[in-house]
Amino acid sequence: MKITVVGTGYVGLVTGTCLAETGNHVCCVDIDQRKVEKLRNGIMPIYEPGLEKLFERNLKEDRLSFTTSLQEGIDHGEIVFLALPTPPGEDGSADLKYVLGVAENIGKILTDYKVIIDKSTVPVGTAEKVQAAVAKNYDGEFDVVSNPEFLREGVAVEDFMKPDRIVIGTTSERAQKLLTELYAPYVRQGNPIIFMDERSAELTKYAANAFLATKISFMNEIAQLCERLGADVDMVRRGIGSDDRIGKRFLFPGIGYGGSCFPKDVQALVFSAKEVSYEFQILDAVTEVNKRQKVHLVNKIKRYYNNGLAGKHFAIWGLAFKPNTDDIREAPALEIINALLEAGATVAAFDPEAMENVKNIVGDKIVFAETQYDCLQNADALIIATEWNEFRTPDFDKILEAMKDTVVFDGRNLFDIEQMEKKGFHYESIGRPL
Ligand code: UGA
């Protein structure tokens with residue numbers, strides 16, 4: 001099939017590449033000339049495991065092309081995905097200027113039937129707005145569909161190729177038929193394509209992310225209680241996760257959720273609720289708990305040093321908001337670094353993928369180490385902020401040798417408490433006994 005993807009951000013690139021992988025011809029449109037040049041030359045601007053290989057192959061086989069011309073893009077595809085940014089406004093609402101701007105321009109170009117698909121996470125009612133924006137300049141037949149993505153950064157290719165489910169919001173039979181055909185190769189194992197109306201599909205996306213964020217904040221509160229009551233959150237997690245109704249996944253406490261999705265989507269849903277005079281009380285608490293959790297590890301550190309952080313030197317392992325990505329948006333590590341610097345400490349950091357991005361923000365205020373062990377030189381304490389696999393079974397002798405003092409603050413509960421004690425570490429983690 002011939003597909004167009006407008007927007008070559010994270011979602012657009014994964015969507016375009018994965019659709020080309022099953023034999024479709026995909027034309028990706030972006031206004032950023034330099035980015036398009038790079039993509040044409042085979043340079044992938046984001047880090048996502050497995051993506052580059054698929055991208056290179058499909059580019060070579062001419063199933064994937066890039067252009068800055070919306071006209072060229074729209075002429076190409078019968079199915080047009082909109083994968084455009086929806087940044088949060090100051091009040092928490094999602095700003096639709098890019099989505100609606102492109103929709104209006106598409107209306108000026110259309111000459112025959114197209115399915116226009118909202119792939120971005122957009123507030124309920126956006127499909128209707130897109131419909132109206134296109135219809136301003138075009139009175140022929142077209143459909144606007146909500147088809148939210150449920151991709152996790154770090155495993156996005158796998159999530160796209162083998163989705164748990166595909167949610168499609170449209171009541172148009174013509175669009176349903178086309179999309180059933182498009183997605184058939186991705187649901188061969190029997191995972192469902194769930195058809196519904198546009199509004200329900202739009203809300204499904206927010207409900208999924210808000211529910212997952214709630215799960216995390218809930219566990220972070222249980223962890224806080226564990227610390228105060230002398231219980232072990234690892235045990236409680238296993239104890240409740242074995243109940244199918246609760247499920248084992250997404251029950252890990254830590255230093256708060258980050259990334260470009262959960263914080264933004266929770267805020268946007270609260271805002272949408274307010275607009276229809278509903279106070280989404282749980283979600284206000286979810287956000288508050290998350291803010292508190294992001295400074296929880298810093299509070300532990302301050303307590304350990306009796307607030308005397310001036311002159312201390314900290315090593316931080318992990319800067320990305322989670323492993324297998326270079327994404328640092330809303331990353332808890334950034335807040336930890338700021339708090340430490342503010343308190344007069346110095347910081348050295350190591351992350352396998354995200355150091356460049358952090359360098360662009362903090363410059364030379366901290367030291368960026370070549371390896372996870374270099375990072376430890378003369379450190380008073382090691383802080384673990386992201387659970388990259390290479391941090392899970394480190395060479396403890398090397399750690400002990402490099403550090404000035406043997407103190408570890410672990411925001412991701414990577415190590416066994418007893419073993420850390422045996423090795424001679426002062427070890428503090430989240431929701432577990434000291
Ligand atoms: C999330 C959703 O999981 C995807 O389904 C969705 O498509 C995506 O947002 C989106 O809206 O585009 P993502 O932001 O990539 O995906 O990251 P997650 O793996 O969901 O992790 C989010 C945050 O929760 C991370 O900061 C992670 O450290 C934290 N987390 C996750 C925990 O603190 N505990 C857990 O048990 C799981």
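A residue is called buried if 20 or more other C-beta atoms lie within 10 Å of its own, exposed if 12 or fewer do, and partly exposed in between. I begin with this definition because Leu251, with 18 C-beta neighbours inside 10 Å, counts as partly exposed by it. I shall return to Leu251 in due course, after an overview of the whole chain.

Good morning, colleagues. The structure before you is a predicted model.

Let me start with the overall form. The protein has 17 helices and 14 strands. Its radius of gyration is 24 Å, close to the 22 Å that the globule rule gives for 434 residues, so the protein is as compact as a globular protein of that length. Along the principal axes, the C-alpha trace extends over about 70 × 50 × 40 Å. Of the 434 residues, 44% count as buried. If one takes the contacts between residues at least 6 apart in sequence, 72% of them join residues at least 24 apart.

I turn now to the beginning of the chain, and to helix α1, residues 10-21. What distance should the 12 residues of this helix span at 1.5 Å a residue? The expected span is 16 Å, and the end C-alpha atoms are 17 Å apart, which agrees. The helix is mostly covered, as 12 of its 12 residues are buried. Among them are Tyr10, Val14, Cys18 and Glu21. Which elements do the buried residues of α1 pack against? They pack against the strands β1 (2-6), β2 (25-29), β3 and β4 (79-82), and against the helices α3 and α7 (156-161). Just after α1, Gly23 adopts a positive phi of about 105 degrees.

A positive phi also appears at two residues that are not glycines. The first I shall mention is Asp62, where phi is about 60 degrees. Asp62 sits in the loop that leads from α3 (51-60) to β3 (64-67). This residue is exposed, because 9 other C-beta atoms lie within 10 Å. The other is Glu330, with a phi near 55 degrees. Its loop runs between β9 (313-317) and α14 (332-342). With 19 C-beta neighbours inside 10 Å, Glu330 counts as partly exposed; the cut-off for buried is 20 or more.

Next, a residue in a strand. Val115 belongs to β5, residues 115-118. Is Val115 buried or exposed? It counts as buried, because 24 C-beta neighbours lie inside 10 Å. Beyond its neighbours within four places in sequence, Val115 is in contact with Glu78, Ile79, Val80, Asp143, Val145, Ala175 and Leu178. One of these partners, Ala175, is 60 residues away along the chain, and yet the two C-alpha atoms are separated by 6.3 Å.

I come now to the annotated positions. An unreviewed UniProt entry places the feature "binding site" at several residues, including Phe150, Glu153, Lys205, Leu251, Gly258 and Lys322. The annotated residues span 173 residues in sequence, and the farthest two C-alpha atoms are 23.8 Å apart, so they do not all gather at one spot.

Two of these positions deserve a closer look. Leu251 lies in the loop between α10 (233-241) and α11 (262-275). Leaving aside residues up to four places away in sequence, Leu251 touches Lys215, Met219, Arg237 and Gly241. Gly258 is found in the loop between α10 and α11 as well. Whereas Leu251 is partly exposed, Gly258 counts as buried, with 25 C-beta neighbours inside 10 Å. With residues up to four places away again left out, Gly258 touches Pro263, Phe321, Arg329, Glu330, Ala331 and Pro332. Glu330 in that list is the residue with the positive phi that I described earlier.

The model also holds a ligand, which is surrounded by 20 residues. Which residues are the closest to the ligand? They are Glu153, Phe252, Tyr257, Gly259 and Cys261. Helix α9, residues 198-229, gives the most to this shell, with three residues. By character, the shell divides into 11 nonpolar, five polar and four charged residues.

Lastly, the unreviewed UniProt entry assigns residues 315-417 to the feature "domain: UDP-glucose/GDP-mannose dehydrogenase C-terminal". The end C-alpha atoms of that span lie 20 Å apart, and the span is 26% helix and 17% strand.

Thank you for your attention.

Notes:
Residues numbered from 1 in each chain as written. Predicted model: local features only at pLDDT ≥ 70, side-chain atom pairs only at ≥ 80, totals over all residues. Helix = DSSP H or I, 4+ residues; strand = E, 2+ residues; numbered from the N terminus. Expected span 1.5 Å × (residues − 1). Contact = placed C-beta atoms within 7 Å. UniProt positions renumbered as here; feature names shortened; annotations may be inferred. Rg over C-alpha atoms; globule rule 2.2 N^0.38 Å. Near = placed C-beta within 6 Å. Nonpolar A, V, L, I, M, F, W, Y, C, P; charged D, E, K, R; others polar.
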